[in-house]
Amino acid sequence: MKKIITLAILLVAATCTLNAKLNLPTKRLGNETYYYYEVKKNETVHDIANKIGVNKDLILKYNPSARNGVAKKQLLFLPVSEFNTDTKQKQSSKKAVTDDVVTHIIKSGESVYGISRTYGVTESELLAANPSLAYGLKVGEQLVIPVKPTTSSSKYIYHTIKSGETLYGIAKDYNTTIEKIIELNPGIASANLQIDDVLMIMPNTTKDIIVQKDIKQFIPYVVTAGDTYESVAAANGISAKVLKDANPEVSKLKKGKTIYIPRDAIDKQVMNTSTMTEEQLEKNYKDKFDEVYNDVHAPNKDNSINISIILPFQTDMANKSKNARDYDEFFNGFVMAIDSVGGKLHKPLNINVYDSKQSPGITDSILALPELKKSDIIIAPSEIDQLKRILAYGQKNNVDILNCFVAQSEDYISNQRSMQVHIPSPYLNASIIEMLRTKFHDYELVFLDDPSEASKDIYEEIKKYANVSKHTHKTLTIISDLTGKSLSRYLDPASKYLFIPSNGKESFINKFATGIIEAKATRVDCRLELLGHPEYTMYLKKHKDEFMTIDTHIYSRFFLPDNAEAKALNNKYVKRYGTKVSNSAPNMSVFGFDVGMFLVNAYANDITPGDKASAYKGIQTNFYFERASNWTGYINKSVRIINLTPQKELKITDLNE
């Protein structure tokens, strides 16, 4: 039966009389018990409200016909549940300070640095609170986060989810709203919270909301000649049983008799979330989580795909800079991706392209355009001033910002809308260390130190890991060319070794590669392998055979294989644009193609880029986005491992596969 929405929107404060039971008789009507009052001669609704001690609007809510007056002996109904002191609305405890310990469960790929930045504490504070970190991070281990609780409503606190807790209970405990929790924690995928997950909370942030409640209204009806329960029920869209249940004292309808027809209605009340119980919050929100999430994080989006590209193409310059030419190639590859899948889309695709030149001022003028707010995502440049402006715009206007070009940015920590394509160095380092801890756990790590060049950060991080975790290791300082004979002295029989160079310079490779190859040929009892830095991919033409002989594992954020798919795309590019692609790493045209394929595939399938379902394996770049925490932006966790084997194979895997 179609529900009728009541016109009155009642303030909770007006129904202050609901704290006490009524001194009225009751009767069971259907599945609920009601108070009833029999109208006396010449009484008005106002008179009755004062007499029984309720608000007039409450009478009219359940007895809407009384708006036109009441008649002698007419019955007025009020549900007993409205007056039950056990279910009355309770004031929030306004828990402004958490005295609970904030804990964090270590996930794969995390680092002390990343965790400390996520929670806004220093590494030394984190280490002081967790002495076990001196022995390295262990996936699944619980850390204590030394955050300081605050009583200020303008500050955030953190809450670790415990067994049995609900989103509604947490909102009640901290006197905040479901909307505010979702706003601060876009990483929440649903109302079903994960134990040991952590939420950012801003206490004492409540608001008025309109709450809907299903109610029964009772309409008096005077029986006419020929009426039956069946005919009256059919005329009012209800069953005869429902009508009989509402009139248990009337066994048979007689002309002139007044009966009461129940009808379903929706009552709307304005309530402040601070006065609502956990049960009321759950009832109001549990079936609307996705709707509320979209209202908070994706308002005013239409049923189309809107991608904006803001890059300094420098279209007004005859002689473009190398960066501008790279952006051209990136965009050309992006267009090729759109062409390859555009015809398969089931919704309109709009690509808006803007030339920000080299001017932050022009970037500001582009961001002032009203149509930009409709963007689902904006692709931003590497120029820091422009990137900062675009990221701030995305945060303010609920638009995702794809940072394709800057790997060292930390904006994802404070900006929920940041999507960083290249994994940040701390996460890259942690991923490689996790690989060493698992795949190479029974290998001795041999650090090859080049005193003439600065060491890479990851080299120092791996040394630190080896020291605190007691992973067997040794360091060889390479001053002159390493020989197989000199290296052999450091190799124990029937042992496994992974060599880790301190830098990625080609000149350093020339110093140690021959020595490892010679030792490998003579020490067949040992297993020797090499961890290669990303720069090694640029030396493949010259050193490929050496890398294969040694059995080299090169880690990189991206890698373009020399296969049929890559060649076909390059040939298509040359044919379409009449020019060869620049020799760069990454290959910008393939990078643009991969980004375009990733975005369009996600949006075409109604998937938000960043959701796990949006994972995409590209030709040169893979996309495995995750949030660093529930309240941060996205980082692409992809780390490609290029293994050149003694069997003359080149195998490409991803640590996230």
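Which residues form one aromatic cluster with F598? In this predicted model, the cluster brings together F598, Y616, F623, F625 and Y634. Two of these residues, Y616 and F623, also show up as a ring pair with centres 6.5 Å apart and planes at 40°, so the pair counts as tilted. Both rings sit out of reach of the surface, in the sense that Y616 is buried and F623 is buried too.

Stepping back to the whole model, the count of aromatic pairs comes to 25. One of them joins F289 and Y293, again in a tilted arrangement, with 6.2 Å from centre to centre and 35° between the planes. Why are F289 and Y293 separated by about one helical turn? The two belong to helix α10 (residues 289-297) and lie four residues apart in it, which puts about one helical turn between them. As a general point, an α-helix has 3.6 residues a turn, so residues three or four places apart point the same way. Here, too, the partners are hidden: F289 and Y293 are both buried.

Helix α3 (residues 112-119) gives another view of the inside. Six of its eight residues are buried, so the rest of the structure largely encloses this helix. The buried ones are V112, G114, I115, S116, T118 and Y119. Right after α3 comes G120, with a positive phi of about 70°.

Now for a single residue, S556, found in strand β20 (residues 552-556). Is S556 buried or exposed? With a relative accessible area of 3%, S556 is buried, because anything under 20% counts that way. The S556 side chain reaches the backbone oxygen of F558, at 2.6 Å. Leaving aside residues up to four places away in sequence, S556 touches P534, V639, R640 and I642.

Finally, there is some empty space to look at. Rolling a probe the size of a water molecule over the atoms shows where such space is left. The second largest pocket holds about 1100 Å³ of it. Its lining is made of 29 residues, and T537, K541, L560, N583 and S584 are the closest to the pocket centre. Two helices, α19 (540-550) and α20 (564-577), are the elements that each give two or more residues to this lining. Sorted by class, the lining of the second largest pocket is a mix of 14 nonpolar, eight polar and seven charged residues.

Conventions. Residues numbered from 1 in each chain as written. Predicted model: local features only at pLDDT ≥ 70, side-chain atom pairs only at ≥ 80, totals over all residues. Heavy atoms only, no water. 1 Å grid on protein atoms, 1.4 Å probe; cavity = no way out; pocket = protein on both sides within 12 Å on 5 of 7 lines; lining within 4 Å. Points joined across faces, edges and corners; volume = space filled by probe spheres on them. Nonpolar A, V, L, I, M, F, W, Y, C, P; charged D, E, K, R; others polar. Buried < 20%, exposed > 50% of the residue type's maximum accessible area, 1.4 Å probe, protein only. Polar contact = N/O pair within 3.5 Å; in protein donor to acceptor, adjacent residues only side chain to side chain. Contact = heavy atoms within 4.5 Å. Phe/Tyr/Trp six-rings, centres within 6.5 Å; stacked < 30°, edge-to-face > 60°.
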